[in-house]
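Thanks for asking me to look this one over. Here are my notes, arranged as numbered points so that you can follow along in your viewer.

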Amino acid sequence: MAKLPTAVPNVRDFRRITIKQVDAFTDTPLMGNPAGVVLHAQGLTDQQMQSIAREMAVPETAFILPASKPGADLRIRWFSSEAEVPLCGHATIASFHAMAEEGLYDMAEPGTYAFQVETLSGILPVRVIKMVSHAEVFFGLPNPEFVRAGQYKLDLMRILNIRLEEFDPRLPIVMTSYLFVPVRRLHTIFAIKPNFFALAQLLTNRKLLGVCVFTTETIERKSSVHSRFFAPTIGINEDPVTGSANGPLGVYLYEQGLLDDKSTGDTITIIGEQGDVIGRKGRVIIQMTLRSKVVHQVMVGGRAVTTLEGEMIVP
């Protein structure tokens with residue numbers, strides 16, 4: 001007896017979601033760091049969110065949800081193409097740009113708006129300055145706790161293909177959930193060609209999420225630091241612009257005494273450069289508030305631009 005063909009699901013039976021692609025830390029389309037943004041993610045399962053992030057194929061996709069904890073105004077979850085991540089600065093900048101663009105969360109008119117955002121890294125502050133033509137978004141990060149990590153220097157020489165004399169002798173290698181690796185010259189940053197297989201092994205073995213290689217030699221005079229960020233274990237060989245690394249990097253530079261000329265009372269504001277080497281120039285504003293000469297709060301911020309919007313069909 002002939003086997004009857006299996007019924008094909010009708011695409012009209014699937015859910016349709018509205019999704020945007022937003023370039024963060026830039027106001028120029030196709031620069032900065034792209035993120036997917038799903039503004040109304042209620043009802044999506046973890047598996048659906050992961051599938052959407054994989055389909056978007058950008059460093060991270062953000063999902064906006066109602067808050068589930070007291071004191072929070074809303075909730076954000078971030079997924080790379082491989083896994084959910086605990087913190088993502090650029091996708092948060094992208095999310096609030098998109099929300100301001102749509103007039104969501106009472107942001108219909110120009111003004112300054114403050115939010116408490118529930119994340120896997122705790123409840124974090126966001127400030128949105130909405131203007132007629134654009135918005136500036138600032139995202140608070142947990143204060144970093146650095147641990148010396150000089151023991152990884154030999155591994156990093158091999159993995160990043162750099163020589164011993166190319167490390168900055170003034171500054172220590174440190175780690176949080178990331179490794180922060182100082183080098184002396186900008187040309188070293190541009191020339192790095194990591195062995196991503198070996199890097200992934202190092203990160204997995206040491207339970208780290210990524211490596212930020214940086215120098216205080218910059219392209220633009222007004223900038224304070226230039227960096228590149230590698231995270232192959234979460235599906236991002238190189239991230240164009242990384243807010244969650246630039247914030248701690250600002251704190252590191254301050255604690256190492258390199259920003260004394262940038263202080264204005266109890267506030268320090270600097271600019272971090274990233275993405276130029278891969279053709280996605282981005283600039284991160286890093287703001288630090290001091291109390292008794294100790295960093296009390298660090299925020300990263302910048303502008304963003306929507307480059308794509310439409311519907312996605314989700315089974």
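The points below go through the pockets, a helix, the nonpolar cores and a strand.

1. A word on the source before anything else: this is a predicted model, and residue numbers run from 1 along the chain as its sequence is written.

2. If you are thinking about cavities and pockets, start with the largest pocket, which holds about 390 Å³ of space. Its lining is made up of 26 residues. Look for Leu-87, Ser-177, Tyr-178, Leu-209 and Ser-244, which lie nearest the centre of this pocket.

3. Which elements supply at least two residues each to the lining of the largest pocket? They are helix 2 (89–102), strand 14 (236–239) and helix 6 (243–255). Helix 6 gives the most, with three residues. By class, the lining of the largest pocket comprises 14 nonpolar, nine polar and three charged residues.

4. The second largest pocket has about 250 Å³ of space and a lining of 15 residues. Nearest its centre you will find Phe-25, Thr-26, Asp-27, Gly-282 and Arg-283. Strand 17 (residues 282–291) gives the most to this lining, with three residues. Seven charged residues line the second largest pocket, along with four nonpolar and four polar ones.

5. Helix 2 deserves a closer look. Its 14 residues should span 20 Å at 1.5 Å a residue, and the C-alpha atoms at its ends are 20 Å apart, which agrees. Just after helix 2 comes Gly-103, with a positive phi near 70°.

6. Why can helix 2 be called largely enclosed by the rest of the structure? Because twelve of its 14 residues are buried. Among them are His-90, Ile-93, Phe-96, His-97 and Met-99.

7. The largest nonpolar core has 61 residues. Those with the most contacts inside it are Trp-78, Phe-96, Phe-115, Val-128, Phe-139 and Met-288. Helix 2 gives the most to this core, with seven residues. Apart from it lies another core, of 22 residues, including Leu-160, Leu-202, Val-211 and Val-213.

8. Val-128 is a handy residue to click on in the 61-residue core. Beyond its neighbours within four places in sequence, Val-128 is in contact with Phe-96 and Ala-100, and also with Met-107, Gly-111, Thr-112, Tyr-113, Phe-115, Ala-135, Glu-136 and Val-137.

9. In the 22-residue core, Val-213 is worth inspecting. Val-213 belongs to strand 12 (residues 210–215), and its relative accessibility of 0% is why it counts as buried. How far apart are Val-213 and Leu-160 in sequence and in space? They are 53 residues apart in sequence and 9.4 Å apart in space, C-alpha to C-alpha. Leaving out residues up to four places away in sequence, Val-213 touches Leu-160, Val-181, Val-183, Ile-189, Ile-192, His-226, Ser-227, Arg-228 and Phe-230.

10. Phe-214 also lies in strand 12. With a relative accessible area of 1%, Phe-214 is buried, the cut-off being under 20%. Phe-214 and Arg-184 are 30 residues apart in sequence and 8.4 Å apart in space, C-alpha to C-alpha. Setting aside neighbours within four places in sequence, the contacts of Phe-214 include Leu-171, Phe-180, Pro-182, Val-225, Leu-249, Tyr-252 and Leu-253. Val-181, Val-183, Ile-189, His-226 and Ser-227 are in contact with Phe-214 and are also touched by Val-213.

Conventions: This is a predicted model: local features need pLDDT of at least 70, side-chain atom pairs count only at pLDDT 80 or more; totals for chains, interfaces and linings use all residues. Side-chain values use heavy atoms; hydrogens and water are left out. On a 1 Å grid over the protein atoms alone, a cavity is a set of points where a 1.4 Å probe fits but cannot get out, and a pocket is an open set with protein on both sides within 12 Å along at least five of seven lines; lining residues have an atom within 4 Å of a point. Grid points are joined across faces, edges and corners, and a volume is the space filled by probe spheres set on the points. Helices (H or I, at least four residues) and strands (E, at least two) are DSSP runs, numbered from the N terminus. Ala, Val, Leu, Ile, Met, Phe, Trp, Tyr, Cys and Pro count as nonpolar, Asp, Glu, Lys and Arg as charged, and the others, Gly among them, as polar. The expected span of a helix is 1.5 Å times one less than its number of residues. Buried means under 20% relative accessible area, exposed over 50%, partly exposed in between (1.4 Å probe, protein chains only). A nonpolar core is a set of buried Ala, Val, Leu, Ile, Met, Phe, Trp, Tyr and Cys residues joined through side-chain atoms within 4.5 Å. Contact means heavy atoms within 4.5 Å.
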